[in-house]
Amino acid sequence: MPEFGSDSSFPTEEPVCIGIDLGTTHSLVSVFRDGKPELISNAHGDKLTPSIVGVLQDGQIVVGSAARELRVTAPERCAWVFKRYMGQERKLKLGDKEFTPHELSSLVLQSLRDDAAAQLNTEITDAVITVPAYFNDHQRTATRLAGEMAGLNVRRMINEPTAAALVYGFHAREEEKNLCVIDLGGGTFDVTVMEVFEGTLEIRATAGESMLGGEDFTDRMVSAVLSGEDTQLELAELQQPLRVSRLRGECEKAKRLLSKEESCKIRLPDQDGNFAEKPKTYRLTRADFSRMCDPLMQRIAGPIARALRDAELDPKDIDDVILVGGSTRMPVLRDFVVDYFGKPPIIDHDPDEVVALGAAVQAALIGQDAAVDDMVMTDVCPFTLGVEVVKEFGGHMQDGYFKPVLHRNCTIPISREEVFSTVAANQTNVTLRVFQGDARKVADNTALGELEVKGLPPGPAGSPIYVRFTYDLSGVLEVEAYAPGGERFRTVLTNHVHQLSPAQIEEAKRRIDALKFYPRDDLDNQKLARFAERMLGELHPSQRQQLDEALDIYEDAMARSDREHFASAKDTLLMVLSSLGLDHEDH
Ligand code: AMP
């Protein structure tokens with residue numbers, strides 16, 4: 001790990017802009033330094049920080065691997081995969097506290113920002129944050145808000161596959177190729193088709209699903225194990241949360257193992273979530289698992305075909321397929337690529353790391369770093385965006401129809417105006433309802449919000465109303481509408497987080513600031529305690545007592561400030577763990 005000192009190569013007058021991959025299961029932070037992108041390690045020395053937030057008994061917040069340990073024994077005090085709910089109004093309960101998905105994301109961002117500040121030895125105010133290409137306007141706005149709440153000036157939000165392509169483009173500027181980036185993370189799936197030529201990266205089309213990822217593959221395995229007992233996953237989760245939480249942990253391990261091995265055994269916890277000394281097991285082969293995942297693979301094929309169609313390319317026209325996201329390690333996905341494109345994927349970079357590295361390249365482009373001055377990138381808007389219109393059928397008016405203003409996969413930034421008309425004479429108001437999607441009727445598309453256009457000048461039915469959609473480089477939509485000679489109205493779209501006023505954002509920030517984070521320097525110690533607690537649940541009752549006692553002494557020592565006493569309690573705990581064959585670095 002290189003040492004970053006205050007005398008490093010950062011110009012002091014320019015704020016350092018970090019790159020952040022805010023992932024469903026893991027997040028990473030990066031920086032562009034000395035002509036190249038680098039990852040920054042967290043307080044534990046890891047590059048991957050689990051996107052998990054936990055609340056300790058005493059109300060302190062833990063983020064990352066300490067929260068992951070806590071989740072096994074106290075899932076009710078932890079939240080994970082909340083990226084899936086970004087932009088939704090729902091609240092997630094952690095113990096007696098409630099958080100919105102963007103508040104939880106802001107806690108992860110804050111923790112990454114602190115890690116970067118500690119490693120780079122400088123204050124961090126600016127960031128580029130990556131989002132799945134298929135994130136809609138609500139989800140993007142929620143991400144930006146999470147950044148603001150974490151005290152970050154979000155310079156740009158960039159699509160994850162675009163970030164991956166930037167790394168590819170950074171290293172292969174001279175190439176001339178059609179690329180397809182397949183990004184299957186923990187909770188989202190994106191596919192992007194692009195062209196690289198002479199340092200220019202041109203995104204041609206992107207498609208995906210924001211509710212499909214590695215967690216669904218794990219869920220299929222958990223369901224398969226449970227269905228042997230005719231139990232449904234949702235029901236089991238309600239009735240035996242600890243058992244399902246432990247079983248999911250075992251299935252997650254098995255899924256990863258099946259990326260290397262042909263078969264594996266899954267240990268089965270009992271009804272209370274404990275493992276017997278010789279637990280029952282469930283044997284699963286890679287081939288069986290692949291078969292189980294067939295319905296998920298069919299969902300993956302759809303967006304790939306759509307993106308290729310939009311880019312007017314056939315699978316054979318793609319020169320390189322690049323894989324991004326931890327779930328692309330699954331052989332079922334790699335076999336699919338060979339079948340579909342007739343060639344194996346390129347695996348130059350660690351699929352977990354490439355998006356964060358790309359965010360740092362984007363930060364360098366924003367900062368006009370000399371190392372990227374010959375690179376140009378163009379991106380697209382992944383959705384069709386438009387408004388609701390009324391249609392006339394033989395003198396009868398029927399509302400609920402969708403009229404596009406921006407077509408999917410148009411190059412951004414873009415600003416486009418369309419003319420609509422009033423339906424009645426002397427109409428004074430119009431409620432413009434904005435939707436995203438490709439369906440003919442708005443009921444089948446996603447509602448993004450509304451814009452009230454008031455004070456229209458008197459006139460006959462059919463008088464013009466101009467509607468302008470502007471989609472910026474971060475993928476955020478602004479809608480403007482006006483009648484000739486009338487006042488101009490702009491979004492703020494209603495019914496999502498955009499609605500928050502600056503005062504409300506300040507209030508949300510204060511609420512987050514008031515939370516007490518568990519001290520960063522002690523996070524490793526906290527993680528060890530949670531690990532030992534988790535292992536207690538896995539041990540046979542006859543082996544528990546010694547570890548139980550060592551853990552009691554350790555937790556008591558953590559609460560006091562006697563360094564010597566703590567060091568000896570920690571040694572004892574590590575010794576007991578090791579005598580039981582449990583090395584916490586392996587887990
Ligand atoms: P990401 O959101 O990109 O961090 O992706 C994390 C997802 O990748 C999780 O669902 C993991 O289960 C999955 N994953 C990570 N490593 C492997 C592996 N070796 N085999 C299969 N899935 C993996």
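Domain bounds here come from an automatic or database domain assignment. That assignment splits the protein into domain 1 (17-212 + 296-379), domain 2 (214-295), domain 3 (383-502) and domain 4 (523-580). Taken over C-alpha atoms, the centres of domain 2 and domain 3 are separated by 47 Å.

Keep in mind that this is a predicted model, where local features need pLDDT of at least 70, side-chain atom pairs count only at pLDDT 80 or more, and totals for chains, interfaces and linings use all residues. Residues are numbered from 1 along each chain as its sequence is written, and side-chain values use heavy atoms, with hydrogens and water left out.

**A helix pair**

Helices (H or I, at least four residues) and strands (E, at least two) are DSSP runs, numbered from the N terminus. Take helix α5 (residues 214-227) and helix α9 (residues 294-310): their axes come within 10 Å and cross at roughly 160°. Axes are lines fitted to C-alpha atoms, for helices over the stretch in contact, with angles from 0 to 180 degrees between N-to-C directions. Angles under 35 degrees count as roughly parallel, over 145 as roughly antiparallel, 65 to 115 as roughly perpendicular and the rest as oblique, and α5 and α9 are therefore roughly antiparallel to each other.

Who touches whom? On the α5 side, the contact (heavy atoms within 4.5 Å) uses D216, F217 and R220, and α9 brings P295, L296, M297 and I300. Sorted by type, the residues of this contact are 5 nonpolar, no polar and 2 charged. Nonpolar covers Ala, Val, Leu, Ile, Met, Phe, Trp, Tyr, Cys and Pro, charged covers Asp, Glu, Lys and Arg, and the others, Gly among them, are polar.

**The buried side of α1**

Buried means under 20% relative accessible area, exposed over 50%, and partly exposed in between (1.4 Å probe, protein chains only). In helix α1 (residues 65-73), the buried residues are S65, A66, A67, E69, L70 and V72. They pack against β4 (49-50), β5 (53-55), β6 (61-63), β7 (78-79), α7 (241-257) and α13 (523-538).

**Backbone oddities**

Two residues other than glycine have a positive phi:

| Residue | Phi | Loop | Relative accessible area |
|---|---|---|---|
| V81 | near 40° | between β7 and β8 (92-94) | 14%, buried |
| E198 | near 45° | between β13 (189-197) and β14 (200-209) | 63%, exposed |

There's also a cis peptide bond, with omega about 0°, joining I412 and P413. P413 sits in the loop between β21 (410-412) and β22 (414-421).
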